Amino acid sequence: MLASLQRLITLSIIAASFAWLLYFGRGSPLLGLAGFMAITLSYSVFLAIEFILAKQVNKDDPVPQPSWRELLAAWLGESMTAPRVFCWRQPFRPNAVPDQLGPPARVQGRRGVVFVHGFFCNRGLWTPWLKRLQGSGQAFVAVSLEPLLGSIDDYAPQIDDAVRRVTQATGQPPLLVCHSMGGLAVRAWLKRMQAEARVHHVVTIGTPHRGTWLARFGQGHNGRQMRLLSDWQAQLDHGMPAGRQALFTCWYSNCDNIVFPASTATLPGACNRLVRGAAHVQLAFVPQLMQATLALLDERPA
């Protein structure tokens, strides 16, 4: 469903931009080119608004304040990263790298990975990660959460199935790598299934653990659940067993244009790791973050 919607959006933008160029470019090449660029790059304007809002909201946050230079670099980085994700990998190539689970003799005894994407995403988000693991002999499953605007709690069965499949293939509890809302979905699954013993470690990347200011404009059930200090988040922590947070490494950024205030992407008691100057989608592909996360596959349980 999401891939079809994003294909429609992408092709509509392309069609509109070229229609403008062809219609107005005959009489005024400058007007035709200006309209073409305005339509094609309109998403960058919305990104700029998000960064300005994040800058204002983060003023009272304890996380180190970003400089305007960092924000500009993050805006440029997100302007290049987001189209590759939302206009190519997810709509046209979500299954470019299939799940890797066997044969059992090859993956048995080697820890595997479950990848869980965030809001308005599918498994295509993880393509650079999957390519890095492809042929490595390590099992992985990347889920595509459905329904698109459903409750975060309803994603638990899909995550449970992915964890089960990787565990059966490897004989090892997997590493879970989550972007944005995906980290909340995994926390909801942990609570529902009491599944701490089934997990080696959970890495969250730009996850709104305490909600995000921007979610006040969100649509759908999951969007409302991600509002700052929502009742759903309070219930998510209720009855949490002692020590669960030690399972988590939380990567966050002082230039996140979606999850802000920035400190809401951290968890007390977790290993919270700051990346300066990275935007929300861009954060998932920071080389240092990817390397440190995949290094956990070779880490022995305490």
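# Close-up views of a predicted model

**View A. Cysteine Cys121 and its surroundings.** Cys121 counts as buried, at 7% relative accessibility. This is a predicted model. Across the structure there are zero disulfides. Cys121 is therefore in no disulfide, and it has under 20% relative accessible area, so it is called buried. Its nearest cysteine sulfur belongs to Cys87, 12 Å away. Cys255 is in no disulfide either. For Cys255, the nearest cysteine sulfur is that of Cys250, at 19 Å. Cys255 is buried too, with a relative accessible area of 1%.**View B. Glu70 at its place in helix H4.** Glu70 belongs to helix H4, which spans residues 68–92. Is Glu70 buried or exposed? Glu70 has a relative accessible area of 18%, so it counts as buried, the cut-off being under 20%. Its side chain makes a link to the backbone: it reaches the backbone nitrogen of Ser67 at 3.0 Å. The side chain of Glu70 also meets the side chain of Arg276, in a polar contact of 2.8 Å. Leaving out residues up to four places away in sequence, Glu70 touches Gln65, Asn254, Cys255, Arg276 and Gly277. One of these, Cys255, also appears in View A, where it is buried.

**View C. Strand E1 between two partners.** Strand E1 covers residues 113–116. Val113 and Phe115 point one way from E1. Val114 and Val116 point the other way. All four of these residues are buried. E1 runs parallel to strand E2 (residues 140–142), and three bridges join them. Here Val114 stands opposite Val141. The chain gets from E1 to E2 through helix H6, residues 127–133. This β-α-β crossover is right-handed. E1 also runs parallel to strand E3, with four bridges between them. Which residue of E3 is the bridge partner of Val114? It is Leu176. Further along, Val116 stands opposite Cys178 of E3.

**View D. Strand E3, covered on both faces.** Strand E3 runs over residues 175–179. How many of its five residues are buried? Five of the five are, and the strand is mostly covered. On one side lie Leu175, Val177 and His179. On the other side lie Leu176 and Cys178. Strand E4 (residues 201–205) pairs with E3 in the parallel sense, over five bridges. In this pairing, Cys178 stands opposite Thr204. Helix H8 (residues 181–193) joins E3 and E4 in a right-handed β-α-β unit.

**View E. The span of the annotated domain.** An unreviewed UniProt entry places the feature "domain: AB hydrolase-1" at residues 113–238. In the model, this span is 38% helix and 13% strand. Its end C-alpha atoms lie 27 Å apart.

**View F. Two annotated spans near the start of the numbering.** The unreviewed UniProt entry places the feature "transmembrane region" at residues 7–24 and 30–53. How much of residues 7–24 is helix, and how much is strand? The span is 100% helix and 0% strand. Its end C-alpha atoms lie 26 Å apart. Residues 30–53 are 96% helix and 0% strand. The end C-alpha atoms of this span are 32 Å apart.

Key: Residues numbered from 1 in each chain as written. Predicted model: local features only at pLDDT ≥ 70, side-chain atom pairs only at ≥ 80, totals over all residues. Heavy atoms only, no water. Helix = DSSP H or I, 4+ residues; strand = E, 2+ residues; numbered from the N terminus. Buried < 20%, exposed > 50% of the residue type's maximum accessible area, 1.4 Å probe, protein only. Polar contact = N/O pair within 3.5 Å; in protein donor to acceptor, adjacent residues only side chain to side chain. Contact = heavy atoms within 4.5 Å. UniProt positions renumbered as here; feature names shortened; annotations may be inferred. Disulfide = S-S within 2.5 Å. Pairing = 2+ DSSP bridges. Right-handed = clockwise from strand over helix to strand, strands pointing away.
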